[in-house]
Amino acid sequence: MNNFPDLIVKNIGLLATPEGKCAKKGKEQGKIKLIEDAFIAVQGDTITGVGTEEQLKALEKQRNFCYKTQIVDAGGSLVTPGLVDPHTHLIFSGWRQKELSLKLKGMSYLEILKMGGGILNTVKNTRRASLEDLIQNGRTALDRMMTHGTTTCEVKSGYGLNVEDEIKSLEAIRELNKIHPMELVPTFLGAHAVPEEYKGKTGEYVELINKQMIPRVAGEHLAEFCDVFCEQGVFSVDESRKILECGKNHGLIPKVHADEMTSLGGANLAAEVGAISADHLIHAGDEGLCAMAEKSVVAVLLPGTSLFLNESFARARTMIEMGIPVALATDFNPGSCPTESLQLVMNLACMKYRMIPEEVLTAVTLNAASAINMASTIGSIEPGKQADIVIWNAPDLDFIIYHFGVNLVKTVIKKGKFTVNDGQVI
């Protein structure tokens, strides 16, 4: 460290972090670096040093700090990188708690959608909402995410489903990125459902997306990714391909909602178009998974959605054994997974996917960062990476999986600045 650090986090009982600037797969996903009695040095928004307390004492003797250096005592706790949520539907108006009773009576997600509920119900409310309403709703959800340890999240549009309201949703993401400490990565999801005014005219809606929405989204630099809900009764593989290829032609990186409800071929499509990730994958077949492994497509799995919809869980262990990098996300949305907590997702991944805690940590940090094209800057605690850090009310990684249903975050540091202390947003 040639310059004085602005911040030292010391007395870390256990530092747990993956390493590197790309997604980990296979056995490598379960390999993380553990340092007992550790410290982290930060200058500005960047990590400049990581080591043991003995190394810290040596630096103190060399007077590598000054009186302006802030010293934070972690109290012997676990410290990890900030959590990364690579799949959320944060921008919406109107919760859908009334649909829970329909699901309990046996009605499926797609059946609710066909009767004008589900996504289409949220679309009505989101279209009526002002930009300011969407920003305030998003801000409230981001506060909850951050108190649970999330420091970066992907955010999709998809509840506007017309040019004006899709743009409004993406503008809300842009504004939130300016005013909230959470780092947001925007995704255009105009192909989330076919709006009611285009019922029976899906081809015409695809044309609207490709000829009006995508050019404007790309031209105004409102999104980095283009996503599509490739599902039976929503968008076919051919329709999805047209949208994703159009997005690519305008500089938007493809993502796919793939094989969630049925085995339609979404995983194959993700590999074919060079998607950065394929998400859900509950019903993905071996052929599609093999294609994803060959193209190093990140599998973003959403166990909270499986739990809430009482559906099957994706074959995470099979994917890991096949060499597919696995990430985890909340899928936060008002219908199929109304939770902002990645901690819950981590618990579920161990219990339902049979992932080990080390694999889970990689899945919500470095692999999640890879799924949103940010692994070079976030997702691990290493010199040169962004200073996104979580101090836990836990002694080790096993404890945050084992002690479920409560928030175990003590302190959150985002870009070298304190954003959460004692479980409260600062």
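This is a conversation about how some features of a predicted model get their labels.

Reader: Before we start, how are residues numbered, and what counts in this model?

Author: Residues are numbered from 1 along each chain as its sequence is written, and, the model being predicted, local features need pLDDT of at least 70, side-chain atom pairs count only at pLDDT 80 or more, and totals for chains, interfaces and linings use all residues. Side-chain values use heavy atoms, with hydrogens and water left out.

Reader: What makes phenylalanine 92 and tryptophan 95 an aromatic pair, and why is the pair called edge-to-face?

Author: Rings of Phe, Tyr and Trp (its six-membered ring) pair if their centres lie within 6.5 Å; planes under 30 degrees apart are stacked, over 60 edge-to-face, and the rest tilted. By this rule there are 8 aromatic pairs. In the pair of phenylalanine 92 and tryptophan 95, the centres are 5.2 Å apart and the planes make 85°, so the pair passes the distance limit and lands in the edge-to-face class.

Reader: How do you know which of phenylalanine 92 and tryptophan 95 is buried and which is partly exposed?

Author: Buried means under 20% relative accessible area, exposed over 50%, and partly exposed in between (1.4 Å probe, protein chains only). Phenylalanine 92 has 5%, so it counts as buried. Tryptophan 95, at 45%, counts as partly exposed.

Reader: And what about phenylalanine 313 and tyrosine 353: why is that pair edge-to-face?

Author: Their centres are 6.1 Å apart and their planes stand at 80°, so edge-to-face is the right label. Phenylalanine 313 sits in the loop between helix H11 (303–309) and helix H12 (316–321), while tyrosine 353 belongs to helix H13 (residues 342–353), so the pair ties together parts that are 40 residues apart in sequence. For the element names: helices (H or I, at least four residues) and strands (E, at least two) are DSSP runs, numbered from the N terminus. Phenylalanine 313 is partly exposed at 22%, and tyrosine 353 is buried at 3%.

Reader: Which residues do ring pairs link into a cluster?

Author: Ring pairs join Phe92, Trp95, Tyr159 and Phe332 into one.

Reader: What makes you say that lysine 201 lies over the face of tyrosine 198?

Author: A charge sits over a ring if NZ of Lys or CZ of Arg is within 6 Å of the ring centre and within 35 degrees of the ring normal. Lysine 201 is 5.6 Å from the ring centre of tyrosine 198 and lies over its face. Likewise, lysine 255 lies over the face of phenylalanine 225, at 5.1 Å from the ring centre.

Reader: On to the sheet. What makes strand S6 (83–85) and strand S13 (326–328) edge strands?

Author: The open sheet has 8 strands in the order S6-S7-S8-S9-S10-S11-S12-S13, with parallel pairing. S6 and S13 each pair on one side only, and that's what puts them at the edges. From one strand to the next, the twist averages 25°.

Reader: How do you know that S7 (residues 150–156) and S8 (residues 183–191) pair?

Author: Two strands pair if DSSP finds at least two bridges between them, and S7 and S8 have 5, in the parallel sense. S6 and S7 also pair in the parallel sense, over 3 bridges. Cysteine 153 in S7 is the bridge partner of aspartate 85, and in S8 the partner of cysteine 153 is leucine 184.

Reader: Why is S7 called largely enclosed?

Author: 7 of the 7 residues of S7 are buried, so the rest of the structure largely encloses this strand.

Reader: What makes the span of helix H5 (residues 131–147) close to the expected one?

Author: The expected span is 1.5 Å times one less than the number of residues. H5 has 17 residues and reaches 25 Å from its first C-alpha to its last, close to the expected 24 Å. Buried residues in H5 include Leu134, Ile135 and Gly138. Just after H5, glycine 149 takes a positive phi of about 105°.

Reader: Why is aspartate 37 partly exposed but arginine 354 exposed?

Author: Aspartate 37, in strand S2 (residues 33–43), has 46% relative accessible area, so it counts as partly exposed. Arginine 354, in the loop between H13 and helix H14 (357–363), has 57%, so it is exposed. Phi is positive at aspartate 37, near 50°, and at arginine 354, near 65°.

Terms used
Axes fitted to C-alpha atoms, helices over the stretch in contact; angles between N-to-C directions.
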